[in-house]
Structure formats: structure tokens, C-alpha cells
Amino acid sequence: MKNISLEKFMKYGILFINYTYFCNKINKILKERKGCMKWFIKMGITTALTVSVTTTAFGALHIEASDWAVPIMEKAYELELIPEELFARATENMTRKEFTTLAIQFYQKVTGEKVDISGIHNPFWDTDQTEIVFAYSKGIITGKQEHIFKPDDTLTREQMAIILVRTLEKSNIEITETEQEIVFKDVEQLEQSVLPYIKKVQTAGIMSGFEDMFSPFKEVTVEEAVVAFTTMYEKYGSLPASQQNNTEQNTEQPSEQAPEQNTEQKPPEQTPEQNTKQTPQTPQTEQKPEQNTQTPQTEQQDIIIDGKTISIGQSVSKLKSVWGEPDRIDQNSYSLERYVYINDYKHFFMVSIKDDKVAEIFTNDMTFQYKGITGKMDASDMKNVRYLDLKNFRVELKDENKDTYVLLNKDYKAEGILIRTSDYKQNLQLRYSQQFLDNFKTELIDIINSARVQEDSVTLRSDETAENVAYYHSWDMSKNNYVAYTNQKGQNPFDRMTAGGVKYTMAGEGVLKIDGGDAIDAYHQFMMEAGTRTNMLNPELTHYGLATFDSNFTIYITLDLFTPAKE
């Protein structure tokens, strides 16, 4: 039998693979299963192939795929639609992040646009993958919940249909709709918002069903996803621009339309009133922030600590009239005065002063209140979120004329808050003076003691011997440009403390390197590490040695904590 042309294949929607292979396969099956020709035609072809194309062999590639999918995988690779690493996983389930990567690869190939996420806020807390952020900005993908994408979840056929259609639409390719009704019997269980996507992939010949069933919740394999994208490209991606939809692309952060569905819950096209009744798992993700209208527009602009207020732009005289004189006046990294209010470490905070006004506020007092946010609050419950900075584990809030960050721990719970004026660094230069470096260590211990007191631990006591041990390690890390618990001589923290004369029954250590930061940054990075956090809050570790060594605005930090041995 002679292979038909690709054009005829696409025109008539014939499901086709090499004739010789099929004859051999049929003969083999018939020998094993007498009287099963009907079974083979209905199940073997229909189930194995939703869409397929012909191609020549590409012998240099090793593809772990089903026989029917090998030529299609080769074709997709030739078209630069898939990376080679997917060959080894062809029969495995496709993840949401992998499918998004293929969608963006298709989008780039068709539009010629480069992937650039500079200036684009990442809305997701569980991924910072470039392709996912870019796809979100184009309106190709959304999340399964507010701020949650679940990149490693397997993709379903329902979700694939939605993303395929959106990828075409955002690539300025119009799918001609027909009046043909959806033929699948199992789509009645889906929400109405999903059906247009199913209809489009069906009538366009991009996806077909299993007999008269679409199987929307069936997981998609890599080879099935590749077939869909290859078919889509052959049918639409290589069309001349004049045949593509010339409507302008949406370059803004998308509002939520029909999200890729959570296979357990399907969102209908609801009114705002209906949305308020959704469960937390309902994946109408971007409608959730609109619920902020429940919060009054006149909500407080001050941070409330211990029933008293502090606000950005507040005058020094007003600050002192409420809080009194600071316990200490330090110098921060920009040579501004930093007022430190210890308040018995129960309501600790620091403010930096610029032009005789409060320009920066920091507190790790877990009783703080700011626009409905308080200490230990789960990030998913916060309102007015601009984006989550995964690298630095903090939430940036939408705050006019202010840069506001809620600091998070590894469990995405608030550990503190930092607010600065938007022009905080304007006309200022980073400067690590000796006074700043001395204040740096004092402030770091103050912030740690604040956290300890709130956890009912005693405040730390300094130890000169431990400080000497810590200093030598910080110096060694700076000199040899490394950050590790084990030094160049192979000594671990306990070896170094013992050799340095520290007598202890229990000990722990934290090491860190920060570039251009201050004590707030150091504290937050320490608290992000589960082991260091545990040590810093451990009530049995009562003494410390802290040392820093700076080199070209990089500070190497060693914090040794221990329980003294009884003499």
C-alpha cells in the first residue's frame, strides 16, 4: 500500500501509520486473539491513535515510544517542537510543566517572539519556571488554585484541550468553528465553560476521542501530547501570516477565563456572587483576589504593634511621641540612622530615617497588623498580593508609593514585614562603614532574640571564645571564596569549636554569605533554612559566637550556638 500525502491525510483526517507495520500487527493479534478483528479496529486503532502523521525514519535517535508514535516523535523533533530528552519518557505521563514548555516552544516557533519575563510578576508560589511565567503572562495557562500551578501534576485531556486552544489563539491563529455538535457522551459532566475548548479541538481535528467518549480526566502521555502539537503545527502553525488571525496579542497579565481544570472539581461560568461560595480548592484562581472588595478601601495604612501605630512618612517627632526615645540609634547600609526599639524583645521593631521621616519599617513581632495581614498568617490567606518572590521567600504586596514585603518561612507563613518608601534608595549609596558592620551583628542578634522570646526561649548570651572561632571561619570563607560548614582543612563546626576551646554539651552553626544586604536579610535567610531556624530558636542553645567578614560588599557570616558544659 502506498502512503498518502500529508496534505490528504490532514484534509480527510485519516488515522494512518505504516501499512506494513499494521499488517504485521494485525496478523500477530489475530493469531493471539481469534475473532478479535472488530476489537482491534475499535480499540487498537481508536485508542492508540487520536491523531497521527507520516514521516521518514530518523535512525540516529533512540525513542522509547509506542511503535505508532515513533515517526511522529521524530517528525516533532525535526520540526523543533520537542526536546530530545522527552524521547526516553514517551510512554510516561506528561506533567503540566512539560506541556507548558511544549506550548511555549510552539508559540515561539509560530510567532518568532522570544521568551522574556523581565518585568513580569510571577503569580505562582510553587514554581518560577520561565516558560510557565511567560505562558501565564500570555494567557495560555492559569493555576489550579490561587497562586498554585502544581507543575509536577500530570496533565489531563481536558486540560490539554484548553491549553492547545489558548496556544493557538495567543499565536494569532484562528480556529474556524463549525456548527457541528460535540459527539462525546461523557462531556455532559463538564462545566459549560470547558465545552467550547472541547468542541474546537474536535472540529479542528487536533484531538479525537475513544469511540464516542472524550475521557476528559484521562491522563495524557508524552507521546499523545507530542502527537497533538505536531498535528496542530502541521495544520495551523506553518500557515502564511495572511491566513492567520491578525488580532493583536494580549501582552497583559491575563484575567482568569476557563482555567485548566482540576480533574476533581470543575468551575462553571459563575457570577461574582457564586464565586464567593467556592471551596478553597476551586481553581477559579484569579477571581479570588477580586474578593478583596470585602476589605474596606479605607483600611489602615499604619503598622500596628502592641496597639500602637507606625507609618511610612511619619515624622520623627510623631514617632517619638508614640514610642518614646529608641533604645539605640544605629547606622544602616545606606548610612541612614536606624532607630531600634527593643521593647523587651516582645514587640521589637526598627525604623530608618530619611529627611527626618520614617522611610523604612521592619518588625518580626508576630502580633503586627498591616492591612489585614498579621504574623504567622499563611501566604494563601493574604490579600493584595502582587507576587511571590520564590528566590527570597517573600510576598510583595500591592502598596502605593511603598515597597512592602511580607517575609515567609519554608511553610509560607509570615515571619515579619519590611516596608520602604518607593524612593528609599534614591540619592543614596551602599556603604559598609565600620559602624554599620558593628551594628549589623548587634541587630542580627536583636532580631534573633526577638524571635526566641516569642517562642518562650531565653535571649542569647555572647561568648568571646566562640566569637573567635566564628571569626576565623568567616575570614577563611572570605579568603577562599566558599560558604560551607566544613573548612579547607576538613574541620566541621564541632571540630573547630573544640579546637578553639569552646566547651559545650550541645552545639549548632549557621553560615551565610549575603551580597549588599543587612541584618534583616541575614536573619531572613537564616530563618529560611529549617536546621538553622531550629538551632536559633532552640531554648537549650543559650550562648553564641557571631562573626562577620566583609569583602567588596559581600558579608560572610558565622553564627555558632551552644550549650556550655558544666565545669
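This report describes the main pocket, one helix, some aromatic pairs and a few backbone angles of the structure above.

The model is predicted, and for this reason local features need pLDDT of at least 70, side-chain atom pairs count only at pLDDT 80 or more, and totals for chains, interfaces and linings use all residues. Residues are numbered from 1 along each chain as its sequence is written, and side-chain values use heavy atoms, with hydrogens and water left out.

## The largest pocket

A pocket is an open set of points on a 1 Å grid over the protein atoms alone, where a 1.4 Å probe fits and protein lies on both sides within 12 Å along at least five of seven lines; its lining residues have an atom within 4 Å of a point. The volume is the space filled by probe spheres set on the points, which are joined across faces, edges and corners. By these rules the largest pocket holds about 510 Å³ of space. Its lining has 25 residues, and Arg394, Leu418, Arg420, Lys425 and Asp521 lie nearest the centre.

Helices (H or I, at least four residues) and strands (E, at least two) are DSSP runs, numbered from the N terminus. Strand E11 (402–408), strand E12 (414–421), strand E14 (504–515) and helix H15 (519–528) each give at least two residues to the lining, and the largest share, five residues, comes from H15. Domain 2 (303–421) and domain 3 (434–564) each supply at least three lining residues, where the domain bounds come from an automatic or database domain assignment.

## Helix H7

Helix H7 (residues 157–170) has 14 residues and spans 20 Å from its first C-alpha to its last, close to the 20 Å expected at 1.5 Å a residue; the expected span is 1.5 Å times one less than the number of residues. Of the 14 residues in H7, 13 are buried, where buried means under 20% relative accessible area, exposed means over 50%, and partly exposed lies in between (1.4 Å probe, protein chains only).

## Aromatic pairs

Rings of Phe, Tyr and Trp (its six-membered ring) pair if their centres lie within 6.5 Å, and planes under 30 degrees apart count as stacked, over 60 as edge-to-face and the rest as tilted. The count by this rule is 18 aromatic pairs. Tyrosine 334 and tyrosine 424 form an edge-to-face pair, with 6.0 Å from centre to centre and 80 degrees between the planes. This pair links distant parts of the chain, 90 residues apart. Tyrosine 334 counts as buried because its relative accessibility is 12%, and tyrosine 424 is likewise buried, at 3%.

Phenylalanine 393 and tyrosine 412 form a stacked pair, with 5.5 Å from centre to centre and 20 degrees between the planes. Phenylalanine 393 lies in the loop between strand E9 (385–389) and strand E10 (394–397) and tyrosine 412 in the loop between E11 and E12, so the pair ties together parts that are 19 residues apart in sequence.

## Positive phi angles

Most residues other than glycine have a negative phi. The table lists residues with a positive value.

| Residue | Phi | Place |
|---|---|---|
| Asparagine 172 | about 65 degrees | just after H7 |
| Serine 335 | about 65 degrees | loop between E3 and E4 |
| Aspartate 355 | near 55 degrees | loop between strand E5 (349–354) and strand E6 (357–363) |

Serine 335 is partly exposed at 32% relative accessibility, whereas aspartate 355 is exposed, with a relative accessible area of 68%.
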